[in-house]
Amino acid sequence: MFAEADNELNNGPTDAARQALKTVRERAFRHAANKGEMVDAYVDAASSKETFFQLIFDERAWEFGGENLRWKDLVRWNLYNQVVYKTFWQYYGLGSDDYSYDLDDKFDTYPKQIYYKIISNPGDGSYPNKVLDVFQFFTDEEYDVDCQWKNFSMDYIQNHSDRLPSTTDSDAWSTNQWFAWLDDNTGIAKAQCRCSLRGYIYMDEQGRLSPSNMPIYSHVVDLNSLPPVRYILPIPSDAVSRSKGAYKNYYGY
């Protein structure tokens, strides 16, 4: 928070702002071999107000992941609609296997095939819960293949297929096409991609974008002109009635 405020007040990061951000990141890379690269070099490379804000934007997402703060940050930054809009097109593009929506060149960095199996909890403290079954994921450290995060490259599959886990024996692994979301019957993405953000943007079964004034994602789209996200709940109808016209619902309600 200090680094963000300091960046805004001074129209760019001061040494104090950089040190504050480094203090946060250093905990994540405390014992990492690439700590210098991922902390000092990473922060120092952001010299402008805009590039330093992008670091803040990313860091708060990682730092507070799962803590129900992200939407509040996006609202106060006035970026909520842009993030929801871009997230929709990522889902839709992946689900449709349509790389024309991969404007940030990220599609090939997402894991599309993962080997996993459910195993009994060892109960030895390896996991926070000592009772529930757990997922085990296949990883080939020798060839830098971590299927939780990386795709199996075609080279790896062709030249190291003997290293892939078995899916048929008594200790079989399961495999899942995590982004196989294309509906073969309609030829477009399945409902979980098309309608995951319905209420702001979605695609119907005929491939028509709603609302109709929402722009198709491309390099020329002005993200600052997107419609706002309705994040404020409507005033109940009985409260509107009792106010005798003093209260009104806006934001499209």
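This briefing describes one helix pair and several salt bridges in the structure shown above. The model is a predicted one, and it holds 14 salt bridges. Helix H2, which spans residues 15-28, packs with its axis within 9 Å of the axis of helix H3, residues 35-44, and a salt bridge between Arg-25 and Glu-59 ties H2 to helix H4, residues 49-63.

**Helices H2 and H3**

- The axes of H2 and H3 cross at roughly 155°, and because angles over 145 degrees count as roughly antiparallel, the two helices are described as roughly antiparallel to each other.
- The crossing that H2 makes with H3 is right-handed.
- On the H2 side the contact is made by Arg-18, Leu-21, Lys-22, Arg-25 and Glu-26, which meet Lys-35, Met-38, Val-39, Asp-40, Tyr-42, Val-43 and Asp-44 of H3.
- Sorted by character, the residues of this contact comprise seven that are charged, five that are nonpolar and none that are polar.

**Salt bridges between H2 and H4**

- Arg-25, one of the H2 residues that meet H3, also forms a salt bridge with Glu-59, in which the N to O distance is 2.7 Å.
- Since Arg-25 lies in H2 and Glu-59 in H4, this pair ties together parts of the chain that are 34 residues apart in sequence.
- Arg-25 is buried, with a relative accessible area of 3%, and Glu-59 is likewise buried, with a value of 9%.
- A salt bridge also joins the side chains of Arg-27 and Glu-63, with 2.8 Å from N to O, and because Arg-27 belongs to H2 and Glu-63 to H4, it ties together parts that are 36 residues apart in sequence.
- Arg-27 is partly exposed, with a relative accessible area of 44%, and Glu-63 also counts as partly exposed, at 31% relative accessibility.

**A bridge between a loop and strand S1**

- Asp-171 and Lys-117 form a salt bridge whose closest N and O atoms are 2.8 Å apart.
- This pair links distant parts of the chain, 54 residues apart, with Asp-171 in the loop between helix H7 (154-159) and strand S5 (174-177) and Lys-117 in strand S1, residues 113-119.
- Asp-171 is partly exposed, with a relative accessible area of 46%, whereas Lys-117 is buried, with a relative accessible area of 11%.

**A salt-bridge network**

- Glu-4, Arg-60, Asp-73 and Arg-76 are joined into one network by salt bridges that share partners.

Methods:
Residues numbered from 1 in each chain as written. Predicted model: local features only at pLDDT ≥ 70, side-chain atom pairs only at ≥ 80, totals over all residues. Heavy atoms only, no water. Axes fitted to C-alpha atoms, helices over the stretch in contact; angles between N-to-C directions. Helix = DSSP H or I, 4+ residues; strand = E, 2+ residues; numbered from the N terminus. Parallel < 35°, antiparallel > 145°, perpendicular 65-115°, else oblique. Left-handed = near helix turned anticlockwise from the far one by under 90°. Contact = heavy atoms within 4.5 Å. Nonpolar A, V, L, I, M, F, W, Y, C, P; charged D, E, K, R; others polar. Salt bridge = Lys/Arg side-chain N within 4 Å of Asp/Glu carboxyl O. Buried < 20%, exposed > 50% of the residue type's maximum accessible area, 1.4 Å probe, protein only.
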